[in-house]
Amino acid sequence: MTVLIVDAANVIGSVPDGWWRDRRGAAERLRDRLAAREGDEEVVLVVEGAARGVASVPGVRVESAPGSGDDRIVELVAELAGRPCVVVTADRELRERVRAYGAECAGPRSVR
């Protein structure tokens, strides 16, 4: 089963819809959209900063990064070595880091 790891801050920030007024609420809305998607992948949403503490729901495991969300995403990808993994982000540096562990990448539009 493919693991889909979503960079919450990057995906949320890709659309100027007022997310900055309620970062936690924006992360919860993204989580709920991901939970409603059809597919057989395991979904992990990585949150950081003001979005920390967003709860997991059926279909989406939420990981609160203790520091940098990018660093937590790289750690998750490294832990999943050998499993198919797709990281959703537009962050070029993060894409390079996770590809070094064999992950594929997709842009924010793939989950919006």
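Which residues of α3 are buried? In this predicted model, the buried set in α3 is made up of Gly-69, Arg-72, Ile-73, Val-74, Leu-76 and Val-77. They pack against quite a list of partners: the strands β1 (3–7), β2 (42–47), β3 (60–64) and β4 (85–88), plus the helix α4. That makes α3 a handy place to start, so let's walk along it and then step out to its partners.

The helix covers residues 69–79. Right at its start, Ser-68 points a side-chain oxygen to within 3.2 Å of the backbone nitrogen of Asp-70. A little further on sits Arg-72, also in α3, and perhaps not the residue you'd guess for the buried list. Arg-72 counts as buried because its relative accessibility is 14%, and the cut-off for buried is under 20%. What does Arg-72 touch once residues up to four places away in sequence are set aside? The answer is Val-46, Glu-63, Ala-65 and Glu-79. Closer along the chain, its side chain also makes a polar contact of 3.0 Å with the side chain of Glu-75.

Glu-75 is itself a residue of α3, but its surroundings read differently on the accessibility scale: at 43%, Glu-75 counts as partly exposed. So that polar contact pairs the side chains of Arg-72 and Glu-75, with Arg-72 buried and Glu-75 partly exposed. Glu-75 also gives a useful distance across the fold: its C-alpha lies 9.9 Å from that of Tyr-101, although 26 residues separate the two in sequence.

Now for the neighbouring helix. How do α3 and α4 (residues 92–99) cross? Their axes come within 9 Å, at an angle of roughly 20°. Angles under 35 degrees count as roughly parallel, and the two helices are therefore roughly parallel to each other. The crossing of α3 past α4 is right-handed. On the α3 side, the residues that meet α4 are Asp-70, Asp-71, Ile-73, Val-74 and Val-77, and on the α4 side they are Leu-94, Arg-97 and Val-98. Sort the residues of this contact by type and you get 5 nonpolar, 3 charged and no polar ones.

Arg-97, in helix α4, is worth a closer look. Apart from residues up to four places away in sequence, it touches Asp-70, Asp-71 and Val-74. Its C-alpha atom is 6.8 Å from that of Val-74, with the two positions 23 residues apart along the chain. Is Arg-97 buried, exposed or partly exposed? It is partly exposed, with a relative accessible area of 29%.

For a view from the strands, turn to Ile-5, which is in β1. Its relative accessible area is 0%, so Ile-5 is buried. Beyond its neighbours within four places in sequence, Ile-5 is in contact with Val-44, Val-46, Ile-73, Leu-76, Val-77, Leu-80, Cys-85, Val-86, Val-87 and Val-88. Ile-73, Leu-76 and Val-77 in that list are among the buried residues of α3, and Val-46 also turns up among the contacts of Arg-72.

Finally, a couple of longer distances, with Trp-19 as the reference point. Ile-5 is 14 residues from Trp-19 in sequence, and their C-alpha atoms are 20 Å apart. Gly-102, in the loop between α4 and β5 (104–106), is 83 residues from Trp-19 along the chain, with 31 Å between the C-alpha atoms. At 58% relative accessibility, Gly-102 counts as exposed, whereas Ile-5 is buried.

Definitions and conventions:
Residues numbered from 1 in each chain as written. Predicted model: local features only at pLDDT ≥ 70, side-chain atom pairs only at ≥ 80, totals over all residues. Heavy atoms only, no water. Axes fitted to C-alpha atoms, helices over the stretch in contact; angles between N-to-C directions. Helix = DSSP H or I, 4+ residues; strand = E, 2+ residues; numbered from the N terminus. Parallel < 35°, antiparallel > 145°, perpendicular 65-115°, else oblique. Left-handed = near helix turned anticlockwise from the far one by under 90°. Contact = heavy atoms within 4.5 Å. Nonpolar A, V, L, I, M, F, W, Y, C, P; charged D, E, K, R; others polar. Buried < 20%, exposed > 50% of the residue type's maximum accessible area, 1.4 Å probe, protein only. Polar contact = N/O pair within 3.5 Å; in protein donor to acceptor, adjacent residues only side chain to side chain.
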